[in-house]
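Work through the following exercises with the sequence and the coordinates open beside you. Each task is followed by a solution that proceeds step by step.

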Amino acid sequence: MTLHKNLIGGRDVPASDGAVLDVLSPADGQLFARIPSGTAEDIDAAVKAARAAFEGAWSKLTATERGRLLIKLAAAVEADADHLAALESRDNGKPLRQSRADVTALARYFEYYGTAADKLHGEVIPYLNTHFIGVERVPHGVTGHIIPWNYPMQIFGRSVGAALAGGNATVVKPAEDASLTILRIGALAREVGFPDGALNIVTGLGRTAGAALTAHPGIDFISFTGSPETGTMVQTAAAKNHVGVTLELGGKSAQVVFDDADLERALPSLVNAIIQNGGQTCSAGSRLLIQRGIFKDVVDAVAERFRTLRAGHPEREPDLGPMVNQAQQRRVEKYLERAKNEGLTVAAAGGIASDAPSGGYYVAPTFFAPVAHESVLSQEEVFGPVLVATPFDDEAEAIRLANGTAYGLAAGVWTRDAMRSTRVGRAMRVGQVFVNCYGAGGGVELPFGGFGRSGHGREKGFEGLVEFTTTRTLVIAHG
Ligand code: NDP
């Protein structure tokens, strides 16, 4: 069994008190690795190492040199793709093809931010004729990154990749349920020549290592992706140190299907948007809003597909893998029990593959229809393979329902009417709207983030690079 170590100041080190956490495979519940249970002292050492790098070797590099390192890291990730994908599927339970897609996106994030590093310009502002005003973009300093377990590699790429490109030195706390690929990326970063301390990784419990990181006075900016509840704690901790945060906190995203939609095109997306990663996706399309005239036909078609879905062992390329851990499995099962107790109609349910190991955290995908907009299942993020469908009569009602939750992360609109697609798309209070597609292309290049309970700030795309920098204005009197 592998015993992993933290990466602090370029060295592999155990937790300061030697404590470890067991790593269980979601596919069968078996112990297969151990990671350090990082302490507040480990976080402190990592922040100090990052500060030393920020004031030393790391800040001596030009933007081009930082970019070249990220591009080298992209190549190293690609060369290590099979290993990273297998590790992710074992650790997190996602089907191998999805882990491979995450590796591809990770490499692309490093390439994107590596090539963008020296293209982030400041500006010159016209002011008094006797003065020259230059505004330069500068890094925040030492950034803290709390990474969740659902897309560890992708979220590392978009968050840490952008922060490093912007010149920050970083401290990363991965989720205890998905730390292994993050530690592997740390090893690759060292191999390609990142200076010691530019990237530090401390694994451990959120309430210990995570809380210590977000409260540390040496952190200048925090990027958090996870639950709204933890997001509130992170933002509160950041406020005490007067530092900024980006929060990406999930969603209850709607796919709006109008009666002129190309259903053949829509149907695979309507199902896949909730099945991908077992529904443990912040931007999962977890609500279908369907125009009343086609409600029954669309529900029947989605139900037909749902009945064939099977949750199974990640290495056997199932439709979906197990939930990440037992707590997440229980959480989804509780939502299902509650919905059934409330008398919601199950339109269709998939199953668990007959060869899925008995100790794994599998949940059968379930589709409820019709479901009232006010019901718990329509309002709360389940973070599992649970889909609901609600009918609507006209455009105004569709917009009201789509925007009618506390969240605001993503939306899908399916219609052949070009004017309506723009009108409805622009009425969505979300960070990303997809018209006649959903989540197309993964979106390394596309700004991403939410409104309301989905959080604030933007990651991904060039916007993400800007987010990990701030400005310094130079006012020079010359006359
Ligand atoms: P959390 O928000 O608790 O976990 C996300 C990250 O925050 C993990 O790295 C976690 O570490 C860390 N963390 C936990 N507590 C603290 C803390 N006090 N201070 C700083 N960091 C902390 O989510 P859960 O894993 O508990 O999942 C619960 C629910 O959250 C899910 O069912 C889902 O609804 C939502 N979620 C949303 C995600 C998204 O992409 N928007 C991602 C993950 C979850 P550790 O794992 O070690 O506790």
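**Exercise 1: A pair of strands and its sheet**

V257 stands opposite I290, a residue of β14. The model is a predicted one.

Task: determine in which sense β13 and β14 pair, and over how many bridges.

Solution. Begin with the limits of the two strands, which are residues 253-257 for β13 and residues 285-291 for β14. Between these strands the pairing is parallel and runs over five bridges.

Task: place this pair in its sheet, and explain why one side of each edge strand has no neighbour there.

Solution. The sheet is open and has seven strands, which follow one another as β16-β18-β19-β14-β13-β20-β21 with mixed pairing. At its edges stand β16 (346-349) and β21 (432-435), and because each has a single partner strand, one side of each is left without a neighbour in the sheet. On average, and with direction ignored, neighbouring strands of this sheet are turned by 20 degrees against each other.

Task: identify which strands of the sheet helix α12 touches.

Solution. Helix α12, made of residues 326-341, packs on the sheet and touches β16, β18 (366-368) and β19 (386-392). The direction of α12 makes about 35 degrees with that of β18.

**Exercise 2: A hairpin within a three-stranded sheet**

Task: describe how β4 and β5 are connected and paired, and state which residues of β4 lie on its covered face.

Solution. First, β4 (residues 20-24) and β5 (residues 31-36) pair in the antiparallel sense over five bridges, and D22 has R34 in β5 as its bridge partner. Next, the two strands form a hairpin with six residues between them, and in its turn G29 has a positive phi of about 75 degrees. Then compare the faces of β4: L21 and V23 make up the covered one, whereas V20, D22 and L24 belong to the uncovered one. Finally, the open sheet containing this hairpin has three strands in the order β1-β5-β4, with mixed pairing. Here β1 (2-3) and β4 are the edge strands, each with a single partner, so one side of each lacks a neighbour in the sheet.

**Exercise 3: A nonpolar patch**

Task: decide whether V124 is buried or exposed, and name the residues with which V124 forms a surface patch.

Solution. V124 is found in strand β6 (residues 123-124). Since its relative accessible area is 56%, V124 is exposed, the cut-off for this class being over 50%. Together with F132, L474 and I476, V124 makes a nonpolar surface patch of about 370 Å².

Technical notes. Residues numbered from 1 in each chain as written. Predicted model: local features only at pLDDT ≥ 70, side-chain atom pairs only at ≥ 80, totals over all residues. Heavy atoms only, no water. Patch = residues over 30% accessible without salt bridge, like charges linked within 9 Å, V, L, I, M, F, W, Y side chains within 5 Å. Areas by Shrake-Rupley, 256 points an atom, 1.4 Å probe, with all protein chains shown as cover. Salt bridge = Lys/Arg side-chain N within 4 Å of Asp/Glu carboxyl O. Helix = DSSP H or I, 4+ residues; strand = E, 2+ residues; numbered from the N terminus. Buried < 20%, exposed > 50% of the residue type's maximum accessible area, 1.4 Å probe, protein only. Pairing = 2+ DSSP bridges. Axes fitted to C-alpha atoms, helices over the stretch in contact; angles between N-to-C directions. Contact = heavy atoms within 4.5 Å.
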